[in-house]
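Dear colleague,

Please find below the sequence and the structure that I am handing over to you. My notes on what was found follow directly after them.

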Amino acid sequence: MGNAEFISRLLNVGLRGGTLVSKFLLIIMLAKYLQPSSLGMYGLLVVSIAYSMYPLGFEFYTFSSRELVRADIKDRAQKLKNQVSMHAVLYIFVLPSLLLVFYFEFIPWRLAPLFLILVVLEHLNQEAMRLLIALQYQLVSSVALFLRQGLWALVLVPLMYFYPSIRELEYLLTAWAVGSFFALCLSTYILVKISAIKNNAIMKTEWRWVLKGIKIALPLFAASLSVNFITTADRYWFAILQGDTILGAYVFYMALVTAMITFMDAGIFSFIYPRLLVCSAKNDGEGFSKLIKGMFIQVSLVSAFFVLFIAFFADWFFTLLGEAVYSENIGVFYVLVFMVIIQAFGYIPHYGLYAQSCDKQIVVSSIVSVPLFIVSVLILSQYNVRYAIPVALCFVYAFVLIYKLYAYYLVSKRVVL
């Protein structure tokens, strides 16, 4: 690793770390000053916005990222124009359907405008970040992510501390939208600059290319809907089983454990998987295997540190919050820690399969995980409603890990499933 690459990775991890710290401070502030039921509503908003992004994106990036990596600079503008046109069509059909969550009163109507604005901004930012990472502009993507999820939180946290009147979800969502807007401006500027769009301002959309990408992305879209159905439905189902108050604790726990995945994405996955794509394109099997082994070692080290940190500080931290609901349900938190570690290791064979265009295996594991989750919760809830959701998630991610490991082993041996 050269000095420039080391500095780039250090800055990247620093920015992602700053984003994590900002989100951590924000969720602490919400847990400290909001009722657990209000924190639970915030959790439902977050997962609803995240899930809404999938039908808008259609997982088209799984096709376009590979195409952009292989394309000459002069061809990037056309491909980006094609992708933007495809998303524009999806917006026309998908955005009105999102109003159903308000019609059925899952979320209050007063939050509908901010919800829709955030869905659009977050989707556009997500697509831009994926393209930047695929083109190996990880540092730019981290700066944009910091604007989108970190900086506005750093500003809002002290304001919420000194001004109790702004401890409302409307102010929180407005600040989020402002940060997301500036992040999109930065990402758009860089993508325009590196894609020679200014020299290709007027281009017709190549719908044949778009249709080709949709056919390729469709199975992965179904898989993503399945996987993220689980991480959306779990909040709603937990609320039904345990009520809004304990849902607030569950949302808080999930925010803490998923921070580890975010950190790994910044310091490990976002750097290694573009190289996996390159090795796969060059048929460099030895280099590919070394990258996978390096990913495993780094994930293991981060996971070990995460577990040790929690073992020493979790009890003290939850007691410090002052709300009994967080310390009384700490067992749920420990199960979720175990779950997220299984999930992290599952990303290793996932990226190995994805880089080799082995989409079928990814799709199968994702789709099967939905009925497995539903059946697991139905069975476990007969014995313990409090732990039914987190334990079922452990079963799901363990299945995904085992299946993808086996699939990667067969692919590495050039055996077709």
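At 16% relative accessibility, K79 counts as buried, because the cut-off for a buried residue is a relative accessible area under 20%. Please bear in mind throughout that this is a predicted model. K79 belongs to helix 4, which covers residues 73-97. Apart from neighbours within four places in sequence, the contacts of K79 are E67, L68, A71 and W209. K79 and E206 are 127 residues apart along the chain, and their C-alpha atoms are separated by 8.2 Å.

Two of those contacts of K79, E67 and L68, lead to helix 3, where both are listed among the buried residues. How many of the residues of helix 3 are buried? The count is eight of 10, so that helix 3 is mostly covered. The buried residues are Y61, T62, F63, S64, S65, R66, E67 and L68. Helix 3 itself runs over residues 61-70.

The loop that precedes helix 3 deserves a separate look. It links helix 2 (36-57) to helix 3, and F58 lies in it. E59 is found in that loop between helix 2 and helix 3 as well. Most residues other than glycine have a negative phi. F58, although not a glycine, has a positive phi of about 60°. E59 is likewise not a glycine, and its phi is positive at about 55°. Are these residues buried or exposed? F58 is buried, with a relative accessible area of 14%, and E59 is buried with a value of 5%.

Y61 of helix 3, one of its buried residues, is also a contact of E127. E127 sits in helix 6, which spans residues 112-134, and is buried with a relative accessible area of 5%. Leaving aside neighbours within four places in sequence, E127 is in contact with G57, Y61, Q83 and H87.

I turn next to T205, which is placed in the loop between helix 8 (169-194) and helix 9 (207-242). The side chains of T205 and S85 are joined by a polar contact of 2.7 Å. Beyond neighbours within four places in sequence, T205 touches Q78, K81, N82, S85 and V210.

Three helix pairs were examined for their packing.

Helix 9 and helix 14 (residues 359-380) have axes that come within 8 Å and cross at roughly 20°. These two helices are therefore roughly parallel to each other, and their crossing is left-handed. On the side of helix 9, the contact involves I216, P219, L220, A222, A223, S226, V227, F229, I230, D234, W237 and L241. Helix 14 contributes D359, I362, V363, S366, I367, S369, V370, F373, I374, V377 and L378. Sorted by class, this contact has 18 nonpolar, three polar and two charged residues.

Helix 13 (residues 330-355) packs with helix 15 (residues 385-412) at an angle of about 20°, and their axes are 8 Å apart. Helix 13 and helix 15 are therefore roughly parallel, and the crossing is left-handed. Their contact has 21 nonpolar, five polar and two charged residues.

Helix 13 also meets helix 10 (residues 244-281): the axes of this pair come within 10 Å and cross at roughly 15°. Helix 10 and helix 13 are therefore roughly parallel to each other. What is the handedness of the crossing of helix 10 and helix 13? Helix 10 passes helix 13 in a right-handed crossing. By class, the contact of helix 10 with helix 13 has 25 nonpolar, three polar and one charged residues.

A last residue to record is K32, in helix 1 (residues 3-33). At 42% relative accessibility, K32 counts as partly exposed. Its contacts, without neighbours within four places in sequence, are L320 and L321. From K32 to P219 the C-alpha to C-alpha separation is 42 Å, and the two are 187 residues apart in sequence. P219 is one of the helix 9 residues that make the contact with helix 14.

With kind regards

Definitions and conventions:
Residues numbered from 1 in each chain as written. Predicted model: local features only at pLDDT ≥ 70, side-chain atom pairs only at ≥ 80, totals over all residues. Heavy atoms only, no water. Axes fitted to C-alpha atoms, helices over the stretch in contact; angles between N-to-C directions. Helix = DSSP H or I, 4+ residues; strand = E, 2+ residues; numbered from the N terminus. Parallel < 35°, antiparallel > 145°, perpendicular 65-115°, else oblique. Left-handed = near helix turned anticlockwise from the far one by under 90°. Nonpolar A, V, L, I, M, F, W, Y, C, P; charged D, E, K, R; others polar. Polar contact = N/O pair within 3.5 Å; in protein donor to acceptor, adjacent residues only side chain to side chain. Contact = heavy atoms within 4.5 Å. Buried < 20%, exposed > 50% of the residue type's maximum accessible area, 1.4 Å probe, protein only.
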